[in-house]
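Trainee: Could you walk me through this model, one feature at a time? I would like to learn how to read each of them.

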Amino acid sequence: MKLAKRVKALTPSSTLAITAKANALKAEGHDVIGLGAGEPDFNTPGHILESAQNAMNEGYTRYTPAGGLQKLKESIIQKLQQNQELSYVPGEVIVTTGAKHALYTLFQVLLDEGDEVVVPTPYWVSYPEQVKLAGGTPVHVEGKEENGFKLTPEQLQDVISDKTKILILNSPSNPTGAIYSSEELKAIGDVCLKHDIMIVSDEIYEKLTYFGERHVSIAQLSTELKEKTIIINGVSKSHAMTGWRIGYAVGNRDVIQAMTNLASHSTSNPTSIAQHAAIAAYDGTQEPVEEMKKAFEDRLNKVYEQLVKIPGFKCVKPKGAFYLFPNVTEAIELTGFNTVDEWVEAVLEYEKVALVPGSGFGAPDNVRLSYATSLPVLEEALERIKNFMEIHQK
Ligand SMILES: Cc1ncc(COP(=O)(O)O)c(C=O)c1O
């Protein structure tokens with residue numbers, strides 16, 4: 001079968017690849033600990049489940065408008081106003097089938113062949129692939145570990161060409177947990193305004209910030225920046241609703257209209273019942289969100305302390321999301337492996353712990369561990385990694 005060029009160039013998701021290997025080992029009866037999960041280990045809160053059940057019983061089981069229910073758009077608008085003092089109207093909002101599809105649709109409507117998109121490393125695995133699928137060219141800039149993995153305005157300035165169209169920002173970040181401050185965002189925003197670059201601000205981990213850190217959207221910083229920014233967000237990580245597939249994009253009306261037209265020919269609409277559930281997520285109590293955040297922060301503190309004691313592990317302490325992204329260059333050297341991929345494979349083979357190699361995030365010196373799993377399981381996983389290091393040190 002001859003496949004299209006555009007899919008032949010796709011790199012499979014490294015997160016899914018390691019999960020598949022871990023599952024195969026599990027199926028053979030091995031006791032595998034998976035730390036690859038990109039989703040909260042909590043159940044969707046009860047009041048949200050109830051609203052979905054009511055929606056079904058009340059017959060909300062038909063097509064909705066392509067861009068989402070008016071009521072849900074209003075809930076999103078209210079949330080943005082309350083949390084970030086950002087004002088939007090329904091024509092500036094589209095509800096999508098998860099944040100991932102919001103990003104996919106956005107790149108499809110913005111990019112022409114050869115347009116450049118600045119994607120700071122370490123990046124979420126899907127950005128470069130989605131940009132390429134839309135005919136764009138990802139341009140990577142290294143978010144240096146010594147700068148908390150964050151892009152600087154000088155670095156951005158250096159890679160701008162006459163083809164640069166978009167900068168992607170992801171704060172809090174997957175995989176690093178880094179959070180940009182207002183000052184940092186303002187300085188980066190100034191460069192974007194000077195060169196007429198649009199900003200795609202992926203804020204899916206907005207609710208998961210620790211140690212008193214606060215999430216700030218670049219769109220909050222000035223009217224000019226708001227006009228240049230498309231915010232991407234959704235309920236997946238904030239409300240433990242990854243399977244419901246509800247995300248959104250807000251920003252420039254023409255862009256949102258184009259996305260809505262494209263959605264009308266691709267998804268038709270996000271699932272009607274899930275949209276009703278998302279209304280309950282945004283309008284109802286936010287207590288479960290706060291509880292999840294507390295649990296994640298507690299785990300982060302405990303796991304971080306143990307992680308940095310493992311020989312060869314160095315780790316910038318994350319401030320948000322639910323991942324640790326240690327540098328394991330020394331651990332790889334100590335155990336005589338050549339690459340992070342080989343090292344991760346060996347940890348899975350010998351200790352049955354599934355980590356995600358940083359290579360898929362554009363950071364081949366690091367591995368990603370998700371702490372979206374219970375504390376005893378995390379402690380056992382770290383014990384096994386420590387054991388691996390002890391046994392395999394040359
Ligand atoms: C940075 C980032 N953006 C977007 C998404 C997609 O989220 P959704 O489940 O809403 O499609 C993820 C999910 O892993 C993510 O980590």
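Trainee: Let me begin with the ligand: how many residues surround the ligand, and which are the closest?

Mentor: Good place to begin, and keep in mind that this is a predicted model. The ligand has 13 residues around it, and the closest are A99, N174, D202, K237 and R245.

Trainee: Which polar atoms lie by an oxygen atom of the ligand, and at what distance, for N174?

Mentor: For N174, look at the side chain: one of its N or O atoms is 2.8 Å from a ligand oxygen. Y205 also offers a polar side-chain atom, 2.8 Å from an oxygen atom of the ligand. With K100 you should look at the backbone instead, where a polar atom is 2.9 Å from a ligand oxygen. As for cover, the ligand on its own has 400 Å² of accessible area, and the protein covers 92% of that.

Trainee: Now the peptide bonds. Which residue does N174 join through a cis peptide bond?

Mentor: The partner is P175, and omega for that bond is about 20 degrees. P175 sits in the loop between β5 (164-170) and α8 (182-194). So you have met N174 twice: it is among the residues closest to the ligand, and it precedes the cis bond to P175.

Trainee: Where is P122, which follows another cis bond, from T121?

Mentor: P122 lies in the loop between β3 (116-121) and α6 (126-133). The bond from T121 to P122 has omega near -10 degrees.

Trainee: That brings us to β3. How do I read the two faces of a strand?

Mentor: Start from the general idea: side chains in a regular strand alternate between the two faces of the sheet. In β3, one side carries E116, V118 and P120, the other V117, V119 and T121, and all of these are buried.

Trainee: Why is β3 called largely enclosed by the rest of the structure?

Mentor: Because 6 of the 6 residues of β3 are buried. Buried here stands for under 20% relative accessible area.

Trainee: Which strands does β3 pair with, and in which sense, parallel or antiparallel?

Mentor: The general idea is that strands of a sheet pair through backbone hydrogen bonds, either parallel or antiparallel. β3 pairs with β4 (residues 137-142) in the parallel sense, over 6 bridges. Between β3 and β4 the chain passes through α6, and this β-α-β crossover is right-handed. β3 also runs parallel to β5, joined by 3 bridges.

Trainee: Which residues stand opposite V117 in β4 and β5?

Mentor: In β4, V117 faces P138; in β5, the bridge partner of V117 is I166. For V118, the partner in β4 is V139.

Trainee: What is the order of the strands in the open sheet with antiparallel pairing?

Mentor: That sheet has 3 strands in the order β9-β12-β11. β9 and β11 (356-357) are at the edges with a single partner strand each, so one side of each has no neighbour in the sheet. Between β11 and β12 (residues 367-370) there are 2 bridges, in the antiparallel sense. To find this pairing on screen, pick V356 and its bridge partner R368 in β12.

Trainee: β9 also borders a loop with N327. Is N327 buried or exposed?

Mentor: N327 is buried, at 14% relative accessible area. This residue belongs to the loop between β9 (323-324) and α13 (329-334). The side chain of N327 makes a polar contact of 3.2 Å with the side chain of E145. Beyond its neighbours within four places in sequence, N327 is in contact with E145, G312, F313, K314, D365 and N366.

Trainee: Last, the backbone angles. What is the phi of E85, which is not a glycine?

Mentor: E85 has a positive phi of about 55 degrees. Its place is the loop between α4 (70-84) and β2 (93-96), and E85 is exposed, with 68% relative accessible area.

Trainee: And where is D196, buried or exposed?

Mentor: D196 is in the loop between α8 and β6 (198-202). With a relative accessibility of 52%, D196 counts as exposed, the cut-off being over 50%. D196, not a glycine either, has a positive phi of about 55 degrees.

How values were computed: Residues numbered from 1 in each chain as written. Predicted model: local features only at pLDDT ≥ 70, side-chain atom pairs only at ≥ 80, totals over all residues. Heavy atoms only, no water. Helix = DSSP H or I, 4+ residues; strand = E, 2+ residues; numbered from the N terminus. Buried < 20%, exposed > 50% of the residue type's maximum accessible area, 1.4 Å probe, protein only. Polar contact = N/O pair within 3.5 Å; in protein donor to acceptor, adjacent residues only side chain to side chain. Contact = heavy atoms within 4.5 Å. Pairing = 2+ DSSP bridges. Right-handed = clockwise from strand over helix to strand, strands pointing away. Near = heavy atom within 4 Å. Areas by Shrake-Rupley, 256 points an atom, 1.4 Å probe, with all protein chains shown as cover.
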